[in-house]
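Dear colleague,

I am passing on to you the structure we spoke about, with the sequence alongside. Please open it first, and then read the notes that follow beside it.

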Amino acid sequence: MAGTRSQTIAAEGLGFQYAGSTSKALDNINIVIGQGEFLLLTGPSGCGKTTLCRCLNGLIPNFHPGEMFGELLVDGVSVAAETTSELSRKVGYVFQNPENQLFALTVEKDVAFGPENLGLTREEIRDRVDWAMGATGTVALKDLAPYELSGGQQQRVALAGVLAMKPSVIVLDEPTSFLDPRTAEEVMGAVDNLRRENGITVIVVEHRLDLVGRYAERIVVMDHGRIVADGRVEDVLDAEFDRLSGLGIGLPKVSLLWSLLKRDGLVSERLPTHVESAVKMLSERLRN
Amino acid sequence: MKIDSGDFLAIMGENGAGKTTLAKQLNGLLRPSLGKVTVDGDDTTKKSVAQLSRKVGIVFQNPDHLLFSETVKEEVGFALKNFGFEPGVIAKQVERTLEALDLAHYADISPFLLSGGERKRVALAAVLAWEPDYLILDEPTIGQDYQQKERLRDFILQLNSQGKAVVMVTHDVEFVAECNPKVVLMSRGRIVAQGQADEVLSDGGLIEKASLVKPQMAKLFSQLGEFGLPRDVVDVHRAKVLLEEKLLEVKVRVAQSS
């Protein structure tokens, strides 16, 4: 359909219970994610967000045993009917600690590993590796060993390796927790560029909203295996602030400050989600 | 640099600045190739890591690099056993430490069955058990959600108030802003600034030099100078107090003029 985004991910009544566990890690998840969306998935430790991501690339139920309920479609195909290798072409996964997914002797070989295993032609592999390293700013690192790199460089190489598979979705599981704030911004900026230029769907799992909130259009909050809030970042932050802070989510400090001032009846506007809007709103009030 | 007993210090800087390398010098895991490090007057090159560790405990960034025992209880008692304490003393000390870190119910479980945040607390307990005078925490907030960070902050402040020196190595600017320790700012292997967190973290030039970013409150207050507000505000509590005052003034002014 012209003008509307096609669906990349659609879950209906999705549930999952790990083998040996007594409760459901995911319970009646209903969500549709469009092509090219930038979605922030958050919630307290143990809320099921990692479990949901594992369903997307087939690690559940193919690798982690358990019982799956409902239906999950990725690019229109049910994950239950696909192999992990097939799904890994569609959904790329960048883990929290890049050390866990880099292993080749050089950066270039590491990035090439995925496409080499797809049985592509030499030219196609070459093209993909060059593109993925270009998009992540890792070309200059190509002959270095992954362990020689800094955390931020490793994270970008891990991202390049995933991109070289040309997935339609990338999932980043707390991608910035090992990074200093500036490097974290660089990595998130690179991810956002990929989304805008290539229409890749981006799902970022994060506790820290201050960093990712700027790029994400949509936030999905989970608790006890369920989705408890889903909407535009500004809307959800404003409407659900107390609930979110009760869940232990790291809310932007400007939003926290504003909620405290609001409680005192000193301001009335909606919560700002980044510093620039807070500066504007405060300046207007103070100029009076 | 100098660390006194009772100090609360954050060593900050970008990835690769040398923070962890500096931390490892403090208990002799690394020895200086130039210059000198002393702990309570003893040159670290003349003491064993075992001797130095009694005084300086390091909790590493990745708990999995530290944990290996079959149960949490054994893990936390391991160092005490190595230091030659009596079994009765060990049992008591382990119990106390597990209690303090809310881990008592995991005593007989394998640390590897716990979540990342819990493993991190076990690693902390394993070091705290022998009550080192100097506690070094390498990136203590990584993988912790906001509530866990709050708890960690309370715990650190409590240890510090008991006279322990606490040094945290971190690039979590927001966490440091809320704790307001002394900051040692590093960049490319050098110390580029030392001072209280609110001074250092609100200084745009220094922050730039160390490839960090200002905490949100510092970013906000750097743009509110024209209203007579200070620039060195880094934590939400102080920001709220200052803004309340200003906004009330405005309210009164508006009420009077109408």
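In this predicted model, a convenient place to begin is the pairing of strand 7 of chain B with strand 8 (residues 190–196) of chain B, which run antiparallel and are joined by six bridges. One of the pairs in this ladder is formed by B:Lys182 and its bridge partner in strand 8 of chain B, B:Gln196. The two strands make a hairpin with two residues between them, and in the turn B:Arg188 has a positive phi of about 45 degrees. Strand 7 of chain B, which covers residues 182–187, is mostly covered, with five of its six residues buried. Strand 7 of chain B also pairs with strand 1 (residues 8–12) of chain B, in this case parallel and through four bridges, and here B:Val184 stands opposite B:Ile11.

B:Ile11 leads on to the interior, as it is listed with B:Ala125, B:Ile136, B:Val176 and B:Leu201 among the residues that have the most contacts inside the largest nonpolar core, a set of 157 residues. Which helix gives the most to this core? That is helix 5 (residues 116–128) of chain B, which contributes seven residues. In soluble globular proteins, nonpolar side chains tend to be buried together.

Helix 5 of chain B has 13 residues and reaches 18 Å from its first C-alpha to its last, close to the 18 Å expected at 1.5 Å a residue. Eleven of its 13 residues are buried, and these include the charged residues B:Glu118, B:Arg119, B:Lys120 and B:Arg121 as well as B:Val122, B:Leu124 and B:Ala125. The buried residues of helix 5 of chain B pack against strand 4 (56–59), helix 3 (72–82) and helix 4 (87–100) of chain B. For B:Ala125 in particular, once its neighbours within four places in sequence are left aside, the contacts are with B:Val76, B:Thr97, B:Leu98, B:Leu101 and B:Leu103.

Turning to the domains, chain B is divided into domain 1 (8–213) and domain 2 (215–258), whose centres, taken over C-alpha atoms, are separated by 36 Å. Eleven residues of domain 1 of chain B are in contact with nine residues of domain 2 of chain B. Helix 7 (173–179) and helix 8 (197–201) of chain B each supply at least two residues of the domain 1 side, and that side divides into four nonpolar, three polar and four charged residues.

In chain A, the assignment gives domain 1 (7–96 + 166–251) and domain 2 (252–288), and 29 Å separate their centres, again over C-alpha atoms. Ten residues of domain 1 of chain A are in contact with nine residues of domain 2 of chain A, and helix 9 of chain A provides the largest share of the domain 1 side, four residues. By class, that side has five nonpolar, one polar and four charged residues.

Finally, the two chains meet where 34 residues of chain A are in contact with 33 residues of chain B. On the side of chain A, helix 6 (151–163), helix 7 (181–198), helix 11 (253–263) and helix 12 (275–287) each supply at least two residues, and the residues of this side comprise 17 nonpolar, eleven polar and six charged.

With best wishes

Technical notes: Residues numbered from 1 in each chain as written. Chains lettered and ligands numbered in written order. Predicted model: local features only at pLDDT ≥ 70, side-chain atom pairs only at ≥ 80, totals over all residues. Domains from an automatic or database assignment. Contact = placed C-beta atoms within 7 Å. Buried ≥ 20, exposed ≤ 12 C-beta atoms within 10 Å, placed from the backbone. Pairing = 2+ DSSP bridges. Core = buried A, V, L, I, M, F, W, Y, C linked by C-beta atoms within 7 Å. Expected span 1.5 Å × (residues − 1).
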